[in-house]
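Visitor: Hi, I have a structure open on my screen and would like to walk through it with you. Could we look at it together?

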Amino acid sequence: MNEALQRALGDEVMIFPIGIGKWGTEQAPEADPYTRMPLRDILNTLGSAAGGEVLFLSRPRQLAEAFERVAEALRNQYAIAYTSDDQRKDGSWRETRLGVLKKGLTVTARRGYYAPKQPPRASG
């Protein structure tokens, strides 16, 4: 999971994990055999950290509705830019937080970004 998440964050990709059937409840008891992390936690981590949203479905026939929800989220995006005070080009992870003042609204966003890396110097 960590490798998938790091690649998604590095490539600025949103993830919308979908759990179906017994995964369709947030109380799904199964755990990943490698990390022993509950599978619902893996889905929640991938969705929230990569700026998407996890969807839990009780039946496969709910997939069309889930896909429409993802499509709606992708159609209603805004781009926000800023310039960091930290000008180091070290490729480090930079955490960000974004919120709203108006009650009843929520923000779905990535938790940060990777700083640009300094290009290698040509030897000569």
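Visitor: Which residues make up the largest nonpolar core?

Guide: Happy to help, and please keep in mind that this is a predicted model. The largest nonpolar core has seven residues: Leu-5, Leu-9, Leu-39, Ile-42, Leu-46, Ala-49 and Ala-50.

Visitor: And which elements give two or more residues to this core?

Guide: Those are helix 1 (2–10) and helix 2 (39–49). Helix 2 gives the most, with four residues.

Visitor: Let's stay with Leu-46. What is it in contact with, leaving aside neighbours within four places in sequence?

Guide: Leu-46 is in contact with Met-1, Leu-5, Ile-15 and Pro-17 once those neighbours are left aside. Of these, Leu-5 is itself a member of the largest core.

Visitor: Which residues are in the other core?

Guide: That core lies apart from the largest one and has five residues, among them Phe-16, Leu-57, Ala-66 and Val-70.

Visitor: New topic, then: aromatics. How many aromatic pairs does a search of the whole structure find?

Guide: Two aromatic pairs turn up. In one of them, Tyr-82 and Tyr-113 sit edge-to-face, 6.3 Å centre to centre, with 80° between the planes.

Visitor: Where are those two in the chain?

Guide: Tyr-82 is in the loop between helix 3 (63–75) and strand 3, while Tyr-113 is in strand 4. They are 31 residues apart, and the pair links distant parts of the chain.

Visitor: Is Tyr-113 buried or exposed?

Guide: Tyr-113 counts as buried because its relative accessibility is 18%, under the 20% cut-off. Its partner Tyr-82 is exposed, since its relative accessible area is 52% and exposed means over 50%.

Visitor: Which residues form the other pair?

Guide: Trp-93 and Tyr-114 do, also edge-to-face. Their centres are 4.9 Å apart and the angle between the planes is 65°. Trp-93 lies in strand 3 and Tyr-114 in strand 4, so this pair ties together parts that are 21 residues apart in sequence.

Visitor: What about accessibility for Trp-93 and Tyr-114?

Guide: Trp-93 counts as partly exposed at 33%, and Tyr-114 is partly exposed too, at 31%.

Visitor: One last thing: where is Gly-99 found?

Guide: Gly-99 is in the loop between strand 3 (93–95) and strand 4 (112–114). With 59% relative accessibility, Gly-99 counts as exposed.

Visitor: And how many residues separate Gly-99 and Pro-38 in sequence?

Guide: They are 61 residues apart in sequence, and 28 Å apart in space from C-alpha to C-alpha.

Notes. Residues numbered from 1 in each chain as written. Predicted model: local features only at pLDDT ≥ 70, side-chain atom pairs only at ≥ 80, totals over all residues. Heavy atoms only, no water. Buried < 20%, exposed > 50% of the residue type's maximum accessible area, 1.4 Å probe, protein only. Phe/Tyr/Trp six-rings, centres within 6.5 Å; stacked < 30°, edge-to-face > 60°. Core = buried A, V, L, I, M, F, W, Y, C linked by side-chain atoms within 4.5 Å. Contact = heavy atoms within 4.5 Å.
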